[in-house]
Amino acid sequence: MNETPPPDAPQAALPRWHPVLPAADLAAGIDLSLGFMAGEELALWRAADGAPQAWANRCPHRGLRFTLGRLVGDRLACAYHGWEFQAGDGRCVAIPAHPDMRVPRGICATTYRTAQQDGMVWASAGVPAAPPPSNGIDTIVRTLGVDVPPAFAAAALLQAGWTALAPDVFGGALAGAPVTLYLTHAAATLVLLHAGVAGTPETAQVARLHAALRTLRDDLEAQHAARETPP
């Protein structure tokens, strides 16, 4: 199948990277985390070699959320019947109720392409033309949920003077320090803001950044509430 879009394809239709989770929140063999990509739930974890995995958060057998399961070495085991799916291609390789059965190759989790850049794990439903954007970020200092639609958050940040560096990536300043914001589309009216900085900030600076990010969240929610409130 040809995965290259036609030259006149609209920009919104082109495969792209979505920031989904701070990389530090995903330890190999330990963390099985809930994430989001364009409003879709993801099961996020790392293979034994550290490669991030992003799967649709539904077991193909009975639809139970993978995030209710557990990691077994280089596999993710569903909590319902214990079916085990291997890292990489997401293929089911073990069914405990039928240990001697050869598992059909077509039983697979829905997997997405992943990458790690600037302290974030990224996911894509297609094959982007380039790696995720790099802005020299070393540390994600805080993640906050904001109860506004993702498109509203992006527009409000631009109006407040933030610079769009890439889709869902904005550059600006908080507490007097250069900051890069990564937006995760969690739901129709929920966006996650991940604030990243270069280097490793001192404790006092982290506290100031946390306070400034909370203020930004409150401002965005207040702006949205004011817009939604009839005169």
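**Entry 1: strand E4 and its neighbours**

I started with Ala-54 and looked up its bridge partner in E9, which is Tyr-112. This is a predicted model, so I treat each entry as a reading of a prediction. E4 and strand E9, residues 111-117, pair in the antiparallel sense over two bridges.

Ala-54 turned up again when I looked towards E3: it is the bridge partner of Leu-44. E3 and E4 also pair in the antiparallel sense, here over five bridges. I then checked the hairpin these two strands make, and found five residues between them. Gly-50 in that hairpin takes a positive phi near 90°.

Next I asked myself how many residues of E4 are buried. The reply was five of its five, and the strand is mostly covered. In a regular strand the side chains alternate between the two faces of the sheet. I therefore sorted E4 by side: Pro-52, Ala-54 and Ala-56 lie on one, Gln-53 and Trp-55 on the other, and all are buried.

**Entry 2: Trp-45 and the ring pairs**

I moved on to Trp-45, found in strand E3, residues 40-46. Its relative accessible area is 0%, so Trp-45 is buried. I listed what Trp-45 touches beyond four places in sequence, and noted among others Leu-26, Leu-32, Pro-52, Gln-53, Arg-75 and Ala-87. Asp-31 is also on that contact list; the C-alpha atoms of Trp-45 and Asp-31 are separated by 6.0 Å, with their positions 14 residues apart along the chain.

Then I searched the whole structure for aromatic pairs and got four. For Trp-45 and Trp-55, the ring centres are 5.2 Å apart and the planes meet at 85°, so the pair is edge-to-face. Trp-45 sits in strand E3 and Trp-55 in strand E4, residues 52-56, so I logged this as a link between distant parts of the chain, ten residues apart. Trp-55 counts as buried too, at 0% relative accessibility.

Another edge-to-face pair joins Trp-122 and Tyr-182, at 5.8 Å centre to centre and 85° between the planes. Trp-122 belongs to strand E10, residues 120-124, and Tyr-182 to strand E14, so this pair ties together parts that are 60 residues apart in sequence. I checked the exposure of both partners: Trp-122 is buried at 0% relative accessible area, and Tyr-182 is buried at 0% as well.

I also noted a cluster, in which ring pairs link Trp-45, Trp-55, Phe-66 and Phe-85.

**Entry 3: the nonpolar cores**

Which residues have the most contacts inside the largest nonpolar core? I wrote down Trp-162, Leu-174, Val-179, Leu-181, Leu-183, Leu-213 and Leu-216, in a core of 25 residues. Each of these elements supplies at least two residues of this core: strand E11 (139-146), helix H1 (150-159), strand E13 (169-174), strand E14 (177-187), strand E15 (190-197) and helix H2 (203-228).

I picked Leu-183 for a closer look. Leaving out residues up to four places away in sequence, Leu-183 touches Pro-19, Pro-150, Ala-153, Ala-154, Leu-157, Asp-168, Phe-170, Val-191, Leu-192 and Leu-193. A second, separate core has 17 residues, including Cys-59, Leu-71, Ala-87 and Ile-95. Two of these, Leu-71 and Ala-87, are on the contact list of Trp-45.

**Entry 4: cysteines**

My disulfide count came to zero. Cys-59 is in none; the nearest cysteine sulfur belongs to Cys-78 and is 3.8 Å away, whereas the cut-off is within 2.5 Å. Cys-59 counts as buried at 4% relative accessibility.

Why is Cys-108 without a bond? Its sulfur is 8.3 Å from the closest cysteine sulfur, in Cys-92, and that is too far for a bond. Cys-108 is partly exposed, at 29% relative accessibility.

**Entry 5: His-224 and an annotation**

I looked up His-224 and found it in helix H2. Is His-224 buried or exposed? It counts as buried, at 13% relative accessibility. Beyond four places in sequence, His-224 touches Asp-147, Val-148, Pro-149 and Phe-152.

Last, I checked the record: an unreviewed UniProt entry carries the annotation "domain: Rieske" over residues 17-123. In the model, that span is 0% helix and 42% strand, and its end C-alpha atoms lie 6 Å apart.

Key: Residues numbered from 1 in each chain as written. Predicted model: local features only at pLDDT ≥ 70, side-chain atom pairs only at ≥ 80, totals over all residues. Heavy atoms only, no water. Core = buried A, V, L, I, M, F, W, Y, C linked by side-chain atoms within 4.5 Å. Buried < 20%, exposed > 50% of the residue type's maximum accessible area, 1.4 Å probe, protein only. Helix = DSSP H or I, 4+ residues; strand = E, 2+ residues; numbered from the N terminus. Contact = heavy atoms within 4.5 Å. UniProt positions renumbered as here; feature names shortened; annotations may be inferred. Phe/Tyr/Trp six-rings, centres within 6.5 Å; stacked < 30°, edge-to-face > 60°. Pairing = 2+ DSSP bridges.
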